[in-house]
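Please walk through this structure with attention to how its interior is packed and how its charged side chains are paired.

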Amino acid sequence: MQEFQNLQQLAEQGIAIASPLPRKSRQAKVVWHNNVVTVGGDAPVRVQSMTNTDTVDAVETAIQVRQLAQAGSEMVRITVNTPEAAAAVPYIREQLDRMGEYVPLVGDFHYNGHRLLTDYPECAQALSKYRINPGNVGKGDKKDKQFGQMIEIAAKYDKAVRIGVNWGSLDQEIMADLMDQNSRRAKPWETRQVMYEALITSAITSAELAKSMGLNPDNIILSCKVSGVQDLISVYRELARRCDYALHLGLTEAGMATKGTVASTAALAVLLQEGIGDTIRVSLTPLPGEARTQEVVVASEILQSLGLRVFVPSVTACPGCGRTTSTTFQELAKKIDDFLRGEMPVWRTQFPGVEAMKVAVMGCIVNGPGESKHADIGISLPGNGEAPAAPVFIDGEKALTLRGDNIAQEFQNLVLEYVQRRYGQKA
């Protein structure tokens with residue numbers, strides 16, 4: 001009886017609505033030309049991606065950067081590993097500007113970044129942000145000197161810097177020192193715990209060193225990349241507890257297709273729900289022939305599924321069962337999804353707010369009408385044994401019924417008309 005009364009009291013209080021915890025990081029500014037993308041603080045969680053072209057080929061790289069940006073990437077990282085690549089960076093920026101694509105570029109530096117940024121000042125200025133890996137800036141006495149050169153240039157041009165630690169290229173001096181300290185503990189940590197500590201120590205001490213060298217602390221972003229889901233969650237929880245720098249999230253070498261998508265989603269969703277993370281990247285290995293933009297689609301879907309951002313109209317579709325007559329609804333759902341994504345680069349400017357639109361493509365009468373009513377515009381296709389008719393619901397009301405062999409194109413036309421009517425007035 002007491003248990004029932006407790007349940008009644010909870011019911012009267014209402015069911016709590018789940019929402020991510022607020023983030024408490026500094027706010028960095030990624031600046032290029034007269035534009036600014038804010039990272040951290042109360043800014044939206046940003047989507048980042050990376051090209052896989054040879055940076056020396058300025059035209060091919062610019063084209064891929066544009067593709068990633070149009071897919072929704074808000075910053076694009078490019079490899080800067082040789083003098084030829086550094087010399088190409090200003091031309092990539094110029095090509096993008098000519099195309100009207102003003103996405104900021106991030107330079108990825110390892111081993112020789114100090115020389116490239118010094119010898120190619122046009123490259124240093126064309127980039128909006130530098131990625132520096134403390135494990136790959138040098139050894140011994142050279143380490144702080146070479147790191148310092150890069151930081152001085154970043155401070156000179158007021159550039160944001162991501163200090164990106166990776167467990168595949170961890171600073172071995174820090175790791176060895178921590179292992180030595182651990183051996184003297186009464187109860188030594190597990191090796192994995194020492195590795196966590198090495199990642200976090202490398203990131204934070206490098207950030208503090210950069211700050212002491214004159215870099216604005218608001219321009220510092222940290223990351224500690226690992227490839228295990230539980231490892232990433234553990235490291236970032238502790239990193240967020242110990243500092244207030246903006247944080248970049250991502251599993252390194254997440255993998256291909258389903259594995260990479262699921263692993264990245266599992267790790268990033270937990271951290272984002274806890275208010276940890278200011279930029280994200282999903283490091284997918286593309287399948288043969290698969291577009292590089294798939295990593296942007298997955299990252300955007302993670303944020304949209306959590307209710308943190310909206311990038312493209314969402315399409316609700318049933319999985320299909322014995323009641324559905326064919327793959328018609330599956331084909332229509334894919335066609336509509338591809339249509340919406342394809343139009344978004346133009347619609348973002350023409351139809352403000354369209355990214356929040358909800359579309360339903362359902363396969364039978366069981367949930368079809370109900371889901372279609374919940375959507376802004378939806379269609380319920382006939383299932384097995386149902387009359388060959390497809391009712392269309394607009395803003396919760398049945399608007400018309402489609403019949404015949406051209407339902408797919410007719411519904412797509414209705415979606416376009418709805419977008420123009422509802423969102424065109426806000427342009």
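In this predicted model, Phe411 touches Leu332, Ile336, Val359, Ala360, Val361, Ile377, Gly378, Ile379, Val392 and Leu402, leaving aside residues up to four places away in sequence. Phe411 is also one of the residues with the most contacts inside the largest nonpolar core, together with Leu222 and Ile379, and that core has 111 residues. Helix H8, which spans residues 191–212, gives the most to this core, contributing 10 residues. Apart from this core lies another, of 10 residues, among them Trp32, Met75, Val106 and Ile221.

From the nonpolar interior we can turn to charged groups. Side chains of opposite charge can pair when their charged atoms come close. The count of salt bridges in the model comes to 25. One of these joins Glu74 to Arg309, with the closest N and O atoms 2.8 Å apart. This pair links distant parts of the chain, 235 residues apart: Glu74 sits in the loop between helix H2 (58–71) and strand E4 (75–79), and Arg309 in the loop between helix H11 (294–305) and strand E13 (314–317). Glu74 counts as buried because its relative accessibility is 16%, and Arg309, at 16% relative accessibility, counts as buried as well.

A salt bridge within helix H8 joins Lys211 and Glu208, which lie 3 residues apart, about one turn of the helix, and the closest N and O atoms of this pair are 3.3 Å apart. Here Lys211 is partly exposed, at a relative accessible area of 32%, and Glu208 is likewise partly exposed, at 34%.

Asp395 and Arg422 form a further salt bridge, the closest N and O atoms being 4.0 Å apart. Asp395 lies in the loop between strand E16 (390–394) and strand E17 (397–402), whereas Arg422 belongs to helix H14 (residues 407–423), so the pair ties together parts that are 27 residues apart in sequence. Asp395 is partly exposed, with a relative accessible area of 48%, and Arg422 is partly exposed at 35%. Salt bridges also link Glu197, Glu238, Arg241 and Arg242 in a network.

A last site to inspect is Asp171, in the loop between strand E7 (160–166) and helix H7 (172–183). Its relative accessible area is 7%, so Asp171 is buried, and its side chain makes a polar contact of 2.8 Å with the side chain of Lys143. Not counting residues up to four places away in sequence, Asp171 touches Pro134, Gly135, Lys143 and Ser202.

Methods:
Residues are numbered from 1 along each chain as its sequence is written. This is a predicted model: local features need pLDDT of at least 70, side-chain atom pairs count only at pLDDT 80 or more; totals for chains, interfaces and linings use all residues. Side-chain values use heavy atoms; hydrogens and water are left out. Helices (H or I, at least four residues) and strands (E, at least two) are DSSP runs, numbered from the N terminus. Buried means under 20% relative accessible area, exposed over 50%, partly exposed in between (1.4 Å probe, protein chains only). A polar contact is a pair of N or O atoms within 3.5 Å; within protein, one must be able to donate a hydrogen and the other to accept it, and residues adjacent in sequence count only if both atoms are side-chain atoms. Contact means heavy atoms within 4.5 Å. A nonpolar core is a set of buried Ala, Val, Leu, Ile, Met, Phe, Trp, Tyr and Cys residues joined through side-chain atoms within 4.5 Å. A salt bridge is a side-chain nitrogen of Lys or Arg within 4 Å of a carboxyl oxygen of Asp or Glu.
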